[in-house]
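Please open the model in your viewer and keep the selection panel at hand. The tour moves from the whole chain to single side chains.

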Amino acid sequence: METIPIWRILKLLNQRKLEGLKEKWWNKNPAKKECDDSSQQSDGISIANIGGVFIVIFIGVVLAVLTLIIEYFLYKKKRRSHARVVSVDRYPKDRHATDKHINDRHLNHRHRRR
């Protein structure tokens, strides 16, 4: 197909020949088909269709909250079951000395990093 230079189209437009061709082909064409009334055509999404979107979002939020609650209680139960219980017999008798030793080791470790 050969391309038509834009200046030829502009020339036909200035001479009003395009308007005559449009009238001949669109309005006076005996094989012209009538289209449905444009007022009966859909104007897009209605409120009823949008309501479905909100229902899906609401269901998603409810499922997310339920998942959060279940995970919270499972995590809490897991932490409780892993809590370490130290009996009094196994705890050092000289607690103050042990705590001081741990604190001294922690302070020495912090000074070495710097």
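What follows is a series of selections, each with a note on what is there.

**The whole chain.** Begin with everything selected, and bear in mind throughout that this is a predicted model. Coloured by confidence, the chain has a mean pLDDT of 76, with 64% of its residues reaching 70 or more. Switch to a cartoon, and the secondary structure comes to four helices and zero strands, so that the order from the N terminus reads α-α-α-α. If you then turn on a surface, about 12,300 Å² is exposed, of which carbon and sulfur atoms supply 60%. Of the 114 residues, 0% count as buried.

**Helices α3 and α4.** Next select residues 47–81, which form helix α3, the element with the highest mean pLDDT, 90. For contrast, select residues 95–113, helix α4, where the mean pLDDT of 54 is the lowest among the elements of the chain.

**Residues 47–74.** Narrow the selection to this segment, to which an unreviewed UniProt entry gives the annotation "transmembrane region". In the model the segment is 100% helix and 0% strand, and a distance drawn between its end C-alpha atoms reads 41 Å.

**The aromatic pair.** Now show the side chains of Tyr 72 and Phe 73. The structure holds one aromatic pair, and in it the ring centres of Tyr 72 and Phe 73 are 5.3 Å apart while the planes make an angle of 70 degrees, so the pair is edge-to-face. Tyr 72 counts as partly exposed, because its relative accessibility is 47%.

**Arg 16 and its loop.** Move back towards the N terminus and select Arg 16, which is found in the loop between α1 (6–14) and α2 (17–27). What is the sign of phi at Arg 16? Phi of Arg 16 is positive, near 65 degrees, in a residue other than glycine. Most residues other than glycine have a negative phi.

**The salt bridge.** Keep Arg 16 selected and add Glu 19. The structure holds one salt bridge, and Arg 16 forms it with Glu 19, the closest N and O atoms being 2.8 Å apart. Are the two partners buried or exposed? Arg 16 counts as exposed, because its relative accessibility is 56%, whereas Glu 19, at 45%, counts as partly exposed.

Note on methods
Residues are numbered from 1 along each chain as its sequence is written. This is a predicted model: local features need pLDDT of at least 70, side-chain atom pairs count only at pLDDT 80 or more; totals for chains, interfaces and linings use all residues. Side-chain values use heavy atoms; hydrogens and water are left out. Helices (H or I, at least four residues) and strands (E, at least two) are DSSP runs, numbered from the N terminus. Buried means under 20% relative accessible area, exposed over 50%, partly exposed in between (1.4 Å probe, protein chains only). Accessible areas come from the Shrake-Rupley method with a 1.4 Å probe; for residues, only the protein chains shown count as cover. A salt bridge is a side-chain nitrogen of Lys or Arg within 4 Å of a carboxyl oxygen of Asp or Glu. UniProt positions are given in the numbering used here, feature names are shortened, and annotations may be inferred rather than shown by experiment. Rings of Phe, Tyr and Trp (its six-membered ring) pair if their centres lie within 6.5 Å; planes under 30 degrees apart count as stacked, over 60 as edge-to-face and the rest as tilted. pLDDT is the predictor's confidence in each residue, from 0 to 100.
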